[in-house]
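Got the model open and a few minutes to spare? Let's walk through some spots together, question by question.

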Amino acid sequence: MNRGSGRPGGRRTGAALVAALLVLVGCSGIGSGTSVQPGLEVQGGEVQPVRAFFPGPAKDATQDQILRGFVRAGAASDGNYETARSFLTEDAVKSWSPENEVVLYSASTPLVVTPRAPNAAVLSGPVEATIGTDGRYVAAPATAVRQAVFEFARIDGQWRISNVPEEFGRWLTTSDLGRLLQPYSLHYIATDRRALVPDRRWFARDHLATRLAREQLADPPAYLDGAVRNNIPRGSRLTADSVSVTDGVARVEITGQVPTDRTQRENVWAQLVSTLLQDPTVQGVSIRIGDVTLELPDVDLPVRTVEQVDFPPLPEVPLGKAVIRREDVLYLLPSTSTVETAPRPSGLTNITPTFHSLALSADGTDVAAVDPDGQGISRFRGTTRYDMAFIGLKVGHPAYDVRGYLWAGGIGLEDRNEVRLWAFDTAGDPAVDRPAATPVEAPWLAKRRVLESKPSPHGDRVAILHTAEDGSGAQVTVSGVTRGPGGAPVRLAEPLRLGPSLVGLTGLVWVSELSVATIGRRAGDDARPRPYVLSIDGEEQALAETPTGVSITTAGGERDIIVTTSAGTVLRRAGQQWLSLGKGTDVAVPAR
């Protein structure tokens, strides 16, 4: 879905209410006639949006009107879809599942209904995005069109839909989205340490605790394979196919084998509590596996916080200070002043511009850069430059992770030509140790060129900007990282593509654990490139234009994005504008 510069969809209360009101008055093009009822009174938590309901079939309605009425009734707020079912025959009611794929289309582009003899019609229109049964949001290409064929029968002299396509769930306008579905996080356990790793999906707001629990029981997504595990017993399912919430307590009753290990029990609690507390009606969780209540010594039930079950918090990583390079001189990154007045960092040498694409270690003591010929990496510590033992060509922008590894993409030499990604262990003293480049297994990168490889803040994922070998077809993908002894990256999971509607991509940075930023433009759009924030949940948020932006990073998050232009100017985000920090060719932010 094309997001513009704001982020609609209910993350802010006012935005959710505005979106809900717009859907009530903007229903032309696919049906009309809605009744509005006030939502339930809410005591704290999210403010519920205005609820929308739609009329059933009118007497002597045509096939066109029946089909349009059915589609629009799928956007009702009650979650039971009784009105939508009233447009169907009894057999069609049994076969239609509103929980199938959700197709999103723009309210500004009405759907088309084309009759097909003898008693059928084709529903068609341009698609903005789809949401699968697993909650995965996928933005559609700019020219994507979807169609579905429906059949009709007369029941007591009135037209009804007698056959709904097998995979048809609901078709919603983009303005319906924030009222009916929201992005929520599922939580898994990192394979190399005890930490929660979130994954973000879209779920309908009705029966939310049940939806979240049901999906939390499933296996982790393919793009996190090897990086995370689910400590909930595999094959478990909800006993009653639902989670009841009474007096703020979500009662999760599942099948499966009861964990006997305390650590695994704590992990199960941490996963389900973290996930279910996103439901504003849930303030505590109880878990029952079979006929056994899952308990922990000295822990009172229900559990209301992850801290109650002694799940360890993430350790804090001491971070160095970001630097900016002007000509060959490094300065500490200024916040609002220009580079000329910024102080110099202590302990770092000057680095000539022929060494490009700077990366900075978490503690700020190490700088890495691509060599002038693009066929190797140098490491700078203090006033000394050290060659890295690299075996690749066309080296991409390197990046450190918080575990002390330096990542870099390239093309392997001779019999290792298929290798496209490496990692270096930088824990040792470069004056003594010269670590070898260790290949990171990623078969899907074959025949691709890695421009940038950026580990996520906690190192469980890596975002990669890559193209075909001729430089075309730039993509941003995210993959889970399998790590070996000592935390060494070993292999990547299958890629999850972000921003599929964007082209001409350049630059890449994580702005949170669940989102990255890049520079590009929408396919078919003549506008100049601009930064975009791309979320794991599929959202694409466009920021204000930055003419000739060539690289992007952040000093701390989405609000602190920094862009370097081809003219050698550094811009820092200031709300919906960009503040110039003066001349500069590289900005290096400590791994975080």
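Before we start, contact here means heavy atoms within 4.5 Å. Keep in mind that this is a predicted model.

Q: Which elements are included in what covers the buried residues of α7?
A: Helix α7 runs over residues 262–276 and reaches 21 Å from its first C-alpha to its last. It's mostly covered, with 12 of its 15 residues buried; among them are Trp-269 and Leu-272. The cover includes β11 (181–190), β12 (196–204), α6 (208–216), β13 (228–229), β15 (249–254) and β16 (284–289).

Q: Arg-262 and Glu-266 meet in a salt bridge, so is Glu-266 buried or exposed?
A: Both residues lie in helix α7, 4 residues apart, about one turn of the helix. Their side chains meet at 2.8 Å, N to O. Arg-262 counts as partly exposed at 34% relative accessibility. Buried means under 20%, and Glu-266 has 5%, so Glu-266 is buried.

Q: At the start of α7, which residue's backbone nitrogen does a side-chain oxygen of Asp-261 reach?
A: Look at the start of the helix, where Asp-261 offers a side-chain oxygen. That oxygen comes to within 3.1 Å of a backbone nitrogen, and the nitrogen belongs to Thr-263.

Q: How many residues apart are Arg-325 and Asp-586?
A: The side chains of these two meet in a salt bridge of 2.5 Å, N to O. The pair links distant parts of the chain, with Arg-325 in strand β18 (residues 323–326) and Asp-586 in strand β43 (residues 586–588). Both partners are buried. Along the chain, they are 261 residues apart.

Q: What is the relative accessible area of Arg-420?
A: Arg-420 forms a salt bridge with Glu-469, the closest N and O atoms being 2.9 Å apart. Both sit in loops, Glu-469 between β31 and β32 and Arg-420 between β27 and β28, so the pair ties together parts that are 49 residues apart in sequence. Glu-469 is partly exposed at 37%. Arg-420 is buried, and its relative accessible area is 3%.

Q: Which residue's side chain makes a polar contact with the side chain of Ser-361?
A: Ser-361 is in the loop between β20 (356–360) and β21 (366–370), and it's buried at 8% relative accessible area. A polar atom of its side chain lies 3.4 Å from the backbone nitrogen of Thr-365. The side-chain partner, at 2.8 Å, is Asp-363.

Conventions. Residues are numbered from 1 along each chain as its sequence is written. This is a predicted model: local features need pLDDT of at least 70, side-chain atom pairs count only at pLDDT 80 or more; totals for chains, interfaces and linings use all residues. Side-chain values use heavy atoms; hydrogens and water are left out. Helices (H or I, at least four residues) and strands (E, at least two) are DSSP runs, numbered from the N terminus. Buried means under 20% relative accessible area, exposed over 50%, partly exposed in between (1.4 Å probe, protein chains only). A polar contact is a pair of N or O atoms within 3.5 Å; within protein, one must be able to donate a hydrogen and the other to accept it, and residues adjacent in sequence count only if both atoms are side-chain atoms. The expected span of a helix is 1.5 Å times one less than its number of residues. A salt bridge is a side-chain nitrogen of Lys or Arg within 4 Å of a carboxyl oxygen of Asp or Glu.
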